[in-house]
Amino acid sequence: MGELITRRIHLSQVDSTNSEARRRIAQGEWLPEATLIDADCQVAGRGQGSNSWESEAGQNLQFSIVCRPAAFVRPAAQFVLSQCIALAVAEAVDGNVKWPNDIYIGHRKVSGTLIECDLRGGQIEACIIGTGVNVNQTAFRSDAPNPVSLRQLSGVEHDREALLQQIVRNFATYYDLLRNGDAATIQQRYRQRLYRREGWHAYADANGTFRAAIADIEPSGHLILLTEAGERRRYEYKEVKFLIASTD
C-alpha cells in the first residue's frame, strides 16, 4: 500500500466506509493520519447530497481515507483535498474529472467521491474521503444516468487490489505536494484533467439551459462558466447541471 497509509481496516461488508469511519471516530477510536478503510461489499453507499452509490459485492472498489491536514489546509481551501483524490483516481483509470470530483471516461461515470470534513477551533480536525470506483460490475440497475465500469469499457476483468494500491500511491503523491505547500501544481493538473475543459457545452441552472465554456475553478471549489453571451457565472455544487447527450 502507498507510503501515506499508516493503518488499513479491511471489511467484508459495511453500510458505507465513510459511515464506518465516522462511527469509529464518534466512539473514541483514534484513526491516525492516514487510515484506509475499504470493504468488499458496501450496502448503503453514499454520494453527494441525497445521491446513493450502487455497487455489487466483490466487484468494485469502495474505500475511505481519513486525513488530518490541519497543519497545512485551511477550511476555506479544503477543496484541494477533493482535487487530490480526483487526480489520484483519474490518473489510475486514465479518465477525466467532471467537476467537482466525479471521474468520467468518455461521457460516462466510473467513479465518485464524498468528502466530509470535521472542523474544530477553526481547523480541519479530520477529513473523511470516501470513494467508489466501478471496476468489474457488468450491469447497473439504479436510475443513475450514465454509470460504467472499467470491465464494461475494456472487456476484461481488472485486479481490484492492484487498482486500489495505484490510487493510494497517486493520492500520497498529491498529498505530499499539499503538505509541502504546492497546491498550485495540484490545481494546474486538475484543470488539465477536467471533463469539458475545452469548447462550448450545454448546461442548465435555475434560469434554464444555456451553452458555456469552463473559465475557471476557484480555490474554494466554485465553478466559473463563461456563457456564449460573454457572461461569467459562478456556481456551487448542485447549482448547475451538465447536460450530457450521447453525441456531446
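In the predicted model, D94 takes a positive phi of about 55° just after helix 2. The helix that precedes D94 covers residues 79-93, which makes 15 residues. From the first C-alpha of helix 2 to the last, the reach is 22 Å, close to the 21 Å expected at 1.5 Å a residue. Helix 2 is mostly covered, with 13 of its 15 residues buried. A positive phi also occurs just after helix 1, where G28 takes a value of about 90°.

Helix 1 spans residues 17-26. Its buried residues are T17, N18, S19, E20, A21 and R24. Of these, E20 has a relative accessible area of 13% and is therefore counted as buried, the limit being under 20%. Apart from neighbours within four places in sequence, E20 is in contact with L11, V14, D15 and I37. E20 also forms a salt bridge with R24, in which the closest N and O atoms are 2.8 Å apart. Because the two residues are 4 residues apart in helix 1, E20 and R24 are separated by about one helical turn. Both partners of this salt bridge are buried.

Salt bridges were then considered across the model. Side chains of opposite charge can pair when their charged atoms come close. The count comes to 19 salt bridges. One of them joins R7 and E29, with the closest N and O atoms 2.9 Å apart. This pair links distant parts of the chain, since R7 belongs to strand 1 (residues 7-14) and E29 to the loop between helix 1 and strand 2 (35-42), 22 residues apart. R7 has a relative accessible area of 30% and is partly exposed. E29 is likewise partly exposed, at 25%. Both R7 and E29 belong to a network of salt bridges that also includes D15, E20, R23 and R24. The buried pair E20 and R24 is thus part of a network in which R7 and E29 are partly exposed.

A further salt bridge starts from helix 1. The side chains of R22 and D118 meet at 3.2 Å, N to O. This pair, too, links distant parts of the chain: R22 lies in helix 1 and D118 in strand 8 (residues 108-120), 96 residues apart. With a relative accessibility of 30%, R22 counts as partly exposed.

Strand 5 (residues 61-67) is mostly covered, and 7 of its 7 residues are buried. In a regular strand the side chains alternate between the two faces of the sheet. In strand 5, L61, F63, I65 and C67 point one way, whereas Q62, S64 and V66 point the other way. The residues pointing in either direction are all buried. Strand 5 pairs with strand 2 in the antiparallel sense over 4 bridges. Within this pairing, I65 of strand 5 is the bridge partner of L36. Strand 5 is also joined to strand 9 (residues 123-133) by 7 bridges, and these two strands run antiparallel. Here V66 has I128 of strand 9 as its bridge partner.

Another group of strands forms an open sheet. It contains 5 strands in the order 13-12-11-10-14, and the pairing is antiparallel. Strand 13 (232-235) and strand 14 (241-242) stand at the edges of this sheet, each with a single partner strand, so one side of each is left without a neighbour in the sheet. Strand 13 is joined by 4 bridges to strand 12 (residues 223-227), and the two run antiparallel. In this pair, L226 stands opposite R232 of strand 13.

Cysteine residues were examined last. A disulfide is a covalent bond between the sulfur atoms of two cysteines. The count for the model comes to 0 disulfides. For C117, the closest cysteine sulfur is that of C127, at 3.0 Å; this is too far for a bond, because the cut-off is within 2.5 Å. Elsewhere, C41 is counted as buried because its relative accessibility is 13%, where buried means under 20%.

Key:
Residues numbered from 1 in each chain as written. Predicted model: local features only at pLDDT ≥ 70, side-chain atom pairs only at ≥ 80, totals over all residues. Heavy atoms only, no water. Expected span 1.5 Å × (residues − 1). Buried < 20%, exposed > 50% of the residue type's maximum accessible area, 1.4 Å probe, protein only. Pairing = 2+ DSSP bridges. Salt bridge = Lys/Arg side-chain N within 4 Å of Asp/Glu carboxyl O. Contact = heavy atoms within 4.5 Å.
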